[in-house]
Amino acid sequence: MRDPAAMPCTPVTVPGHFGEWIQGRLGPDGPVALITLACPALSARAPGTGIRLPALFDAARLDAFAAALGLNSPDWPALDCDMPLGAGAGASTACLVASARALGHCGPRDALARACLGVEGASDPLMHAHPDRLLWASRRAEVLRDLPSLPEAEIVGGLWGDTERTDPCDENFPDISDLVAFWSGAAARGDLAALAGIATESARRSTAHRGPADPMPDLARDLGALGYARAHTGPARALIFAPGKVPNGAGAGLQEAGLRDVLRFRTGGAA
């Protein structure tokens, strides 16, 4: 077992995400699957000055998390986290991954994913180097398929409505099998407009199936976005633009429509 008291706490930054490009069931009886919308503008960092894992998670599950990763009675580091829990931005997974890596865990990503799943019940793929290049089964913490890299996109987003923690037992999502079938080809071509269209359809289906209604279709039209995306659980909402094509006042437009914590970032590309 690793003894974190005998080793320094390594500074670690784990980027979050901002909703999903797509999320839903792979067929009526298939798993819940997603492609995350990576967000380098939001992260969890350890060591920090804020919260620690015992304030976020059940003690017994944290003990099992530590044991699974070979961390012997860890003194969990303080964390700084840019995203609130339940925002649809990966805060809980990012905090777990940052804490484990700060304490020296450097084992396989699959093992870390399974350990996160044991705590959360549904995890985001933030332990992977390129989480937006994976079709991810969030209730299984499994990579279902490797995907092509995405073209660079510029995102303007914010939070709409209340925070909502993910219920691991909730599988009430629309079927996205057809959207997954189109995704790889569009990504391989670097066709951002097609990818934005797929993301928009996934968001539209989720809103129709689960709610809540939001102003994103009107904002996308009025601001000339290629499309929009959402957290399929949680309030993160995003407009998708080609790089350099965000109009002046886009952020103000989201705020006027009622979104809060508005931000702008780039995602995809060679990185």
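**Exercise 1. How much space lies in the second largest pocket, and which residues line it closest to its centre?**

Solution. The model is a predicted one.

Step 1. The second largest pocket holds about 330 Å³ of space.

Step 2. Its lining consists of 23 residues, and P15, A38, A129, H130 and P131 are the closest to the centre.

Step 3. Assign the lining to elements. Two or more residues each come from β1, β2 (32–46) and β9 (260–267). The largest share, 4 residues, belongs to β1.

Step 4. Sort the lining by class: 11 residues are nonpolar, 7 polar and 5 charged.

**Exercise 2. Describe the largest pocket by its volume, its lining and the classes of its residues.**

Solution. Step 1. The volume of the largest pocket is about 450 Å³.

Step 2. It is lined by 30 residues; S92, E120, A122, D124 and T166 are the closest to its centre.

Step 3. The elements that contribute two or more residues to this lining are β1 (12–25), α2 (91–102) and α3 (109–120).

Step 4. By class, the lining of the largest pocket splits into 10 nonpolar, 12 polar and 8 charged residues.

**Exercise 3. Check the length of α2 against the span expected at 1.5 Å a residue, then find how many of its residues are buried and what covers them.**

Solution. Step 1. α2 has 12 residues, so at 1.5 Å a residue it should span 16 Å. The expected span uses one less than the number of residues.

Step 2. The end C-alpha atoms of α2 are 16 Å apart, which agrees with the expected span.

Step 3. Of the 12 residues of α2, 11 are buried, and the helix is mostly covered. The buried residues are A91, S92, T93, A94, C95, L96, V97, A98, S99, A100 and A102.

Step 4. The cover over these buried residues includes β1, β2, α1 (59–68), β3 (80–81) and α3.

Step 5. Look past the end of the helix. G104 follows α2 and has a positive phi, near 105 degrees.

**Exercise 4. Is R237 buried or exposed, and which residues does it touch?**

Solution. Step 1. Locate the residue: R237 is in strand β8 (residues 236–241).

Step 2. Apply the cut-off. Buried means under 20% relative accessible area. R237 has 0% relative accessibility and therefore counts as buried.

Step 3. List the contacts. Leaving out residues up to four places away in sequence, R237 touches F18, V156, G157, G158, W160, P212, D214, M216, A229, R230, A231 and L259.

Methods:
Residues are numbered from 1 along each chain as its sequence is written. This is a predicted model: local features need pLDDT of at least 70, side-chain atom pairs count only at pLDDT 80 or more; totals for chains, interfaces and linings use all residues. Side-chain values use heavy atoms; hydrogens and water are left out. Buried means under 20% relative accessible area, exposed over 50%, partly exposed in between (1.4 Å probe, protein chains only). Contact means heavy atoms within 4.5 Å. On a 1 Å grid over the protein atoms alone, a cavity is a set of points where a 1.4 Å probe fits but cannot get out, and a pocket is an open set with protein on both sides within 12 Å along at least five of seven lines; lining residues have an atom within 4 Å of a point. Grid points are joined across faces, edges and corners, and a volume is the space filled by probe spheres set on the points. Ala, Val, Leu, Ile, Met, Phe, Trp, Tyr, Cys and Pro count as nonpolar, Asp, Glu, Lys and Arg as charged, and the others, Gly among them, as polar.
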